Amino acid sequence: CNSNPADAVTTEKCTRKIPDVLSGEEVDLLLSQPDTTDSKGIRDKAMLEVLYATGIRVSELIALNETDVNLTAGFIRCGSGSKERVIPIYPTAVSSLAIYINVVRTQLVSASSETALFVNMNGERMSRQGFWKLIKVYQKKAGISKDLTPHMLRHSFAAHLLQNGADLKSIQELLGHSDISSTHIYTYIVKQKLQDIYNKSHPKAKK
């Protein structure tokens with residue numbers, strides 16, 4: 001018999017492209033770019049902080065209403081119906097959001113009936129395109145060479161949580177993934193990072 005028993009063994013493969021993420025240093029650099037001495041910078045800082053704090057999609061970010069925020073408890077409510085999820089936000093993001101809501105938003109809104117949390121400089125709900133332009137400006141200011149997109153902050157949020165000990169199920173719930181296989185992709189980022197550290201640090205791995 002010429003058959004090889006190893007032929008029946010299958011190995012797990014990552015068929016999806018591993019997403020690019022920012023390092024912790026790059027995130028800090030990006031978040032420090034907005035000029036918080038003016039209204040636009042305060043708003044932009046709050047948007048970037050919330051995006052990284054929660055890992056929500058840009059479409060979810062601009063869909064947020066002021067009533068979706070609970071500053072006292074430190075969380076935002078995202079989505080609706082059975083897909084609604086409550087996501088905590090870290091203290092720095094809460095602080096940035098509080099300054100924006102209490103000082104800037106009231107000055108920017110064009111009508112008292114405006115429900116949007118984040119508005120543009122005309123006082124109307126921020127658009128997806130508007131935020132894309134905003135994040136590209138800060139990428140350039142920060143000198144980040146990666147092709148930064150709002151979704152990269154979502155990927156970075158998930159990867160950084162996993163690197164720091166969060167379990168996949170919790171990350172799945174925070175991201176709003178219906179299938180955990182979508183969340184599993186982030187394990188490959190962590191494995192790759194460990195491999196890179198090993199190759200750079202182990203004396204026998206160095207060429």
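## A small sheet

Let's start with a pair of residues: N70 has F75 of β2 as its bridge partner. This is a predicted model, and that pairing is a handy way into it. The strands β1 and β2 run antiparallel and are joined by 2 bridges. Together they form a hairpin with 4 residues between the strands. In the turn sits G74, whose phi is positive, at about 75 degrees.

Now add the next strand. β2 also pairs with β3, again in the antiparallel sense, this time over 4 bridges. Here C78 stands opposite R85 of β3. The result is an open sheet of 3 strands in the order β1-β2-β3. Which strands stand at the edges? They are β1 (69-70) and β3 (85-88), each with a single partner strand, so one side of each has no neighbour in the sheet. As general background, strands of a sheet pair through backbone hydrogen bonds, either parallel or antiparallel.

## The whole chain

Step back and you can count 8 helices and 3 strands in the protein chain. Reading from the N terminus, the order of elements is α-α-α-β-β-β-α-α-α-α-α.

The chain has 207 residues, and 42% of them count as buried. Take the contacts in the chain with a separation of 6 or more: 57% of these are between residues 24 or more positions apart.

## Two nonpolar cores

In soluble globular proteins, nonpolar side chains tend to be buried together. In this model, the largest nonpolar core has 43 residues, and those touching the most other members are I56, L61, L97, Y100, F118 and F131. At least two residues of this core come from each of α1 (24-31), α2 (39-54), α3 (58-63), β2 (75-78), α4 (91-108), α5 (128-142) and α6. The largest share, 8 residues, is supplied by α2.

For a close-up of this core, look at L61. Leaving out residues up to four places away in sequence, L61 touches M47, V50, L51, I56, F118 and F131. Apart from the largest core lies another one, of 11 residues, including V21, L162, L168 and I185.

## Where two helices cross

How do α2 and α5 meet, and at roughly what angle do they cross? Their axes come within 11 Å and cross at roughly 95 degrees. An angle from 65 to 115 degrees counts as roughly perpendicular, and so α2 is roughly perpendicular to α5.

On the α2 side, the contact is made by K40, R43, D44, M47, L48 and L51, while α5 brings F131, L134, I135 and Y138. These contact residues divide into 7 nonpolar, 3 charged and no polar.

## Two buried residues to find

Try locating H155 in helix α6, which spans residues 150-163. Is H155 buried or exposed? Its relative accessible area is 16%, and buried means under 20%, so H155 is buried. Not counting residues up to four places away in sequence, H155 touches P19, D20, V21 and Y186. One of these, V21, also belongs to the core of 11 residues.

Next, find Q172 in helix α7, residues 168-175. Q172 has 7% relative accessibility and therefore counts as buried too. Setting aside neighbours within four places in sequence, Q172 is in contact with H177, S178, D179, I180 and T183.

Technical notes
Residues numbered from 1 in each chain as written. Predicted model: local features only at pLDDT ≥ 70, side-chain atom pairs only at ≥ 80, totals over all residues. Heavy atoms only, no water. Buried < 20%, exposed > 50% of the residue type's maximum accessible area, 1.4 Å probe, protein only. Contact = heavy atoms within 4.5 Å. Core = buried A, V, L, I, M, F, W, Y, C linked by side-chain atoms within 4.5 Å. Pairing = 2+ DSSP bridges. Axes fitted to C-alpha atoms, helices over the stretch in contact; angles between N-to-C directions. Parallel < 35°, antiparallel > 145°, perpendicular 65-115°, else oblique. Nonpolar A, V, L, I, M, F, W, Y, C, P; charged D, E, K, R; others polar.
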